[in-house]
Amino acid sequence: METLENTEELLKVFEAKIDAEIKIEPRDWMPGDYRKHLIRQISQHAHSEVIGMQPEGNWISRAPSLRSKKILLAKIQDEGGHGLYLYSAAETLGVSRDEYIQWLHAGKAKYASVFNYPALNWADIGAIGWLVDGAAITNQVSLQRTSYGPYSRAMIRICKEESFHQRQGYEIMWKMMEGTKDQQRMAQDAINRWWWPALMMFGPHDSDSPRTSNAMKWKIKRETNDRLREKFINKTIPQAELIGLKVPDPNIKVIGKDQMGENIYEHSDINWDEFWSVVNGNGPCNEQRLNHHIRAHEEGAWVRECAQAYNAKTNQ
Amino acid sequence: MEAKVKYYLEIADNAFMLSHRLSECSSKGPFLEEDLAGTNVALDLIGLAEAVYNEAANLNKQGETGDDIAYRRDEHEYRNCLLTEQPNTDFAFIMTRQFFMDVYHYYLFTELSSSSDKFLKAIAAKSLKEVTYHLRRSSEWMIRFGGGTDVSSEKAQKAINSLWKYTGELFEPSAEDLLLRETNVSADLEKVKSLWDQKISEIFYLADLKKPENEYKMLGGKKGVHSEHMGYMLADIQYLNNRYPDAKW
């Protein structure tokens with residue numbers, strides 16, 4: 001039986017492991033709040049991968065060439081695969097995938113708000129890969145060093161695939177900018193609509209992010225929201241300029257150089273009212289995305305029941 | 001040469017349209033693993049279609065690309081069978097359509113593995129490896145449907161009864177197919193049909209599902225006379241190429 005005394009002892013062991021960069025594994029003792037934080041974060045991450053299949057899926061049937069259709073299909077499949085790794089990592093915390101999905105459907109669990117924006121033209125497929133996956137990688141690269149073993153290992157695999165996604169997204173944007181006037185217009189339209197939602201993906205300012213401090217202390221998060229956002233901005237603006245795209249922010253200006261000699265940029269603040277409005281359910285596609293997932297899940301119920309019944313019969 | 005190109009298009013169009021139907025199912029699977037498995041099959045089929053379209057473009061020597069053939073023809077020029085364009089009514093329909101096509105592809109490519117045409121021989125051998133997996137998956141689902149619950153068995157039987165009339169077309173040789181048979185380029189569809197029948201009977205027996213008695217064959221696709229569904233599929237597939245004909249993607 002766990003007593004207060006041995007809880008303190010266990011906490012010391014836990015903290016010593018965190019300090020020594022030893023991964024926490026599913027069977028290890030961990031503080032309740034650490035487990036709770038991971039359950040929330042990893043499942044939210046898994047749901048994001050799966051809901052993220054929808055905006056890109058909107059263009060599979062209209063992909064304009066055999067190559068682009070193959071790449072898009074493979075990419076969306078990767079996202080679903082990431083969802084699988086992450087649900088598996090999240091299940092090691094004692095909650096089943098079914099329960100996580102129920103929480104999602106009941107509105108108790110969230111997913112990345114960026115997927116509540118619509119994919120309106122073909123260049124959106126480029127912008128999602130380049131900006132949304134690009135923002136995700138910036139965050140995920142640091143999460144490879146997260147303190148929870150299964151999450152860290154899932155992130156290492158995911159990062160390998162995400163960097164391919166970002167490149168394919170940028171390739172689409174580059175091709176569009178090399179193309180006709182219409183294609184250039186679509187590409188600029190796509191960055192205009194996806195730039196700010198991509199920056200919002202890093203979450204609120206550190207000063208407004210109540211969970212950041214514990215997450216940093218336990219090394220679940222390794223870098224703060226604002227720091228990661230700056231990294232992304234500094235990396236992405238030159239990429240946009242290289243192919244002739246304008247970042248939709250009139251206040252962008254170079255304010256210095258980093259240690260690598262790369263530009264550091266000043267930029268406008270994010271429209272946080274819009275961010276919270278979308279988080280709270282008022283994005284263009286919140287209802288659509290969730291309803292789509294619920295409908296597919298409900299329509300698949302008889303298939304899952306069939307598989308279970310068949311397994312039960314054949315395993316007798 | 002023209003006959004060969006047309007025969008190639010029968011193979012490529014079947015793969016392209018079936019792959020399109022499967023790709024429409026992305027993010028709609030009954031569970032995540034199955035969603036990804038469906039996409040895998042779609043990817044294999046689009047890869048097959050791409051290889052055959054590119055080869056058809058090479059043979060044609062009209063300066064067109066495989067993409068031009070895939071994306072810029074009129075509906076009546078597509079030579080896919082009607083079965084491949086049937087809609088994704090539910091998971092039983094999707095899997096039954098797949099099962100019928102997997103068995104067909106398996107024996108078609110087995111035959112074409114000894115074609116006198118080097119390209120067909122090579123692509124058939126490559127595709128056979130993939131189709132072997134597809135067929136294993138769809139056969140297992142048919143058996144699961146039949147042996148799972150009353151609902152799954154009923155849904156599978158309904159899909160079989162509805163799709164059965166489209167299976168006959170798979171084995172109706174086109175004029176080009178018959179012409180190429182003389183030089184051992186195309187596959188003997190009578191042989192493919194006999195093997196197809198045996199396999200269907202075997203899996204239906206294991207699944208306790210019934211072959212419909214109605215042997216009526218709905219034909220047309222191979223000759224370019226499609227179902228009402230086809231226009232909507234092409235409206236999607238060709239949308240960007242039609243709207244922006246000068247754009248390169």
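**Exercise 1. Find which residue just after H2(B) takes a positive phi, and check the length of this helix.**

Solution. In this predicted model, the residue to find is B:Lys61, which follows directly after H2(B) and takes a positive phi of about 50°. For the length, begin with the extent of the helix: H2 of chain B covers residues 32-60, which is 29 residues. Next, apply a rise of 1.5 Å a residue, remembering that the expected span is 1.5 Å times one less than the number of residues, so that the helix should span 42 Å. Finally, compare this with the model, where the end C-alpha atoms of the helix are 42 Å apart, and conclude that the two values agree.

**Exercise 2. Describe how strands E1 and E2 of chain A are joined.**

Solution. First, locate the strands, for E1(A) runs through residues 253-257 and E2(A) through residues 263-266. Then consider their pairing: the two strands run antiparallel and are joined by four bridges, and A:Val254 stands opposite A:Tyr265 in E2(A). Lastly, turn to the hairpin, in which five residues lie between the strands and A:Gly261 takes a positive phi near 85°.

**Exercise 3. Decide whether the radius of gyration of chain A agrees with that of a compact globule.**

Solution. Start from the 316 residues of the chain, for which a compact globule would have a radius of gyration near 20 Å; since chain A has 21 Å, the value agrees. Then add what else describes this chain, which contains 13 helices and two strands and whose C-alpha atoms fill a box of roughly 70 × 55 × 35 Å along the principal axes. Buried residues make up 39% of chain A.

**Exercise 4. Work out which parts of chain A touch chain B, and of what class their residues are.**

Solution. Begin with the contact itself, in which 38 residues of chain A meet 40 residues of chain B. Next, look for the helices of chain A that each supply at least two residues to this side, among them H3 (53-57) and H8 (181-200). The most comes from H4(A), which gives twelve residues. To finish, sort this side of chain A by class, which yields 17 nonpolar, 13 polar and eight charged residues.

**Exercise 5. Identify residues with the most contacts inside the largest nonpolar core.**

Solution. The largest nonpolar core has 151 residues, and those with the most contacts inside it include B:Ala49 and B:Val52. Its largest share, 15 residues, comes from helix H5 of chain B, residues 91-112. Then follow B:Val52, which, leaving aside its neighbours within four places in sequence, is in contact with B:Tyr8, B:Ile11, B:Ala12 and B:Ile123.

Methods
Residues numbered from 1 in each chain as written. Chains lettered and ligands numbered in written order. Predicted model: local features only at pLDDT ≥ 70, side-chain atom pairs only at ≥ 80, totals over all residues. Contact = placed C-beta atoms within 7 Å. Nonpolar A, V, L, I, M, F, W, Y, C, P; charged D, E, K, R; others polar. Rg over C-alpha atoms; globule rule 2.2 N^0.38 Å. Buried ≥ 20, exposed ≤ 12 C-beta atoms within 10 Å, placed from the backbone. Core = buried A, V, L, I, M, F, W, Y, C linked by C-beta atoms within 7 Å. Pairing = 2+ DSSP bridges.
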